[in-house]
Amino acid sequence: MENLTTLLFIIFVPCILAFSLPLIGRFSSRLRNLLALVFVSVSVVLSLKLLPLVISGQSFTFTKTLGMGINFALTLDGLSVFMACVSSFISAVIILYSFGYISHYDNQNEYYTMVVLFLGAMMGLVFSGNLIFLYIFWEITAITSWRLIGFFREKQHVRRADKAFMVTFFGAILMLLGFIRLAQEAGSFDLLVIRQHLTTHSVSGLTIALILAGIFSKSATLPFHTWLPDAGVAPSPVTALLHAAVLVKIGVYVFARLFIVNIPLAVNWQVIVAAIAGTSALVAAGAALVDTDLKRIIAYSTISQIGFIFLGFAFNNSIGVSGALLYILMHGLAKAGLFLCAGVVEQNTKTKDITKLGGLIKTMPVTALSFLFCAFSVMGIPPFGGFFSKYLVMTGAFSSGHLIIAFTFLAGAVLTILYLFRAFNMVFLGEPKTAPVREGSPVMLFSVALFAGLSLLGGFLIAFPGDVVQAATRQILLVMK
């Protein structure tokens, strides 16, 4: 009962109390900001509280019958707790950064409401043990991200927010059709029942294809990838939260939840997923190498790196799965840091065009060093945390025997180094091309420095996240046996 109460607080404190923020904001913006951070921090603290259960290998499923054959089910296991810890912590730091970034814009009440509600929906999604409620929370994240992408309300921004919503909504409808077919084939929307049924039955190819379409649309994977770079019109904390650190990870999470824990994919489907992910990673890396908009470069990098996470999960071996989980953490920390650094640059120079920037390391040393550290982690440079995750993913790919796919990702990894060094060089090195600028606010600098520091410490202190990831991997793969 204590674990159930903990889960309910993790999900519904941000989901419900988010709607109090507009009212509070009418009286005190500082109190509203503080409470937004507190509501998300509740999820952080309670998720971290569950980590000992993960490390010890325990798992629980709580089910409440609602009628009409629908159950409200929550699953507490290594995969869900790990995702909750990563998502809620990154969200909390981004909200802290927002105190400085958002302070002089309109629509702040809606901003904090949507960010907190998004986090609550994310928590509901990762702990959902029923496909209906997983879909409901999935769509709440779509609505909140739609509002946040169009935060500035300019016509072009609203069009791009609409594009993001329509692409992901189209994918979600296909996924819902897949869920319905899956429930018809297994006799239930409950994942536990589906898993038990599939020990003696298989899932049709059409069902798998429909669900994968929804997953790829949310994770901005080829051919659904174009909405993510366009979403760079949103405020930088929004791009960090929704389109680098958390939102696009929903797709890889659902892939792991369905196609590793519950529905083991046949070898041909594993190859198809890995091939699509590899193509997406290579195409996006190539686009990042030629684009001149800093936030679009980072967004293309996200598309590329999401491909590596799919690669780790696709072939379903312990090394790859461990690498994919670790990649979710390390990429989330580093990519959030890169977007927040881009926010400091954009807000102070009034441009995102890297051809119009240069020499900023002289006046923005903290931002420059933080950007470099986060970039090193995304590149996979030792001893940064990203090195270990990328190494495990690539090792898992090569051990699977699919060498062409593995070498495709290796080429993508080389391009990652090239386009991130190009961006750093043009923005922070050379001669200044803008009027003298200064660093961001102290709270913004603290946030970017924290992500940079964790990207480095994640490598030196790899043992702790490694223990959690290994425990989650053992549990995930044991479920299948």
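**Entry 1. Whole chain**

I began with the contacts: of those in the chain with a separation of 6 or more, 81% are between residues 24 or more positions apart. I note here that the model is predicted. I then listed the secondary structure and found 21 helices and two strands. For the radius of gyration I obtained 21 Å, which is close to the 23 Å given by the globule rule for 481 residues, so the chain is as compact as a globular protein of that length. Along the principal axes, the C-alpha atoms fill a box of roughly 70 × 55 × 40 Å. I also looked up burial, and 62% of the 481 residues are buried.

**Entry 2. Nonpolar core**

Which members of the largest nonpolar core touch the most other members? I found Phe259 and Phe313, in a core of 185 residues. Helix 16 (residues 318-349) contributes the most to this core, giving 18 residues. I followed Phe313 further, leaving aside residues up to four places away in sequence. Its contacts include Val252, Phe255, Ala256 and Ile260. Phe313 also touches Gly320, Val321, Ala324, Leu325 and Ile328.

**Entry 3. The two strands**

I next examined strand 1 (residues 60-67) and strand 2, which run antiparallel and are joined by seven bridges. As one pairing I recorded Thr65, whose bridge partner in strand 2 is Asn71. Is strand 2 (residues 70-76) largely enclosed or open? Six of its seven residues are buried, so the rest of the structure largely encloses strand 2.

**Entry 4. Helix 18**

I took helix 18 (residues 385-400) as a single element to study in detail. Its 16 residues reach 24 Å from the first C-alpha to the last, close to the 22 Å expected at 1.5 Å a residue. I listed its buried residues as Gly385, Gly386, Ser389, Lys390, Val393, Met394, Gly396 and Ala397. Viewed down the helix axis, these buried residues of helix 18 fall within an arc of 155°, and they therefore line one face of the helix. The general rule I kept in mind is that an α-helix has 3.6 residues a turn, so residues three or four places apart point the same way.

What do the buried residues of helix 18 pack against? I found helix 15 (294-314), helix 16, helix 17 (365-379), helix 19 (403-428) and helix 20 (442-460). Helix 16 thus appears in my notes both as a packing partner of helix 18 and as the element that gives the most to the largest nonpolar core. Lastly, I checked the backbone just after helix 18, where Gly401 takes a positive phi of about 90°.

Conventions
Residues are numbered from 1 along each chain as its sequence is written. This is a predicted model: local features need pLDDT of at least 70, side-chain atom pairs count only at pLDDT 80 or more; totals for chains, interfaces and linings use all residues. Side-chain values use heavy atoms; hydrogens and water are left out. A nonpolar core is a set of buried Ala, Val, Leu, Ile, Met, Phe, Trp, Tyr and Cys residues joined through side-chain atoms within 4.5 Å. Buried means under 20% relative accessible area, exposed over 50%, partly exposed in between (1.4 Å probe, protein chains only). Helices (H or I, at least four residues) and strands (E, at least two) are DSSP runs, numbered from the N terminus. Contact means heavy atoms within 4.5 Å. Two strands pair if DSSP finds at least two bridges between them. The expected span of a helix is 1.5 Å times one less than its number of residues. The arc is that of the directions from the helix axis to the C-beta atoms. The radius of gyration is taken over C-alpha atoms; the globule rule is 2.2 Å times the number of residues to the power 0.38.
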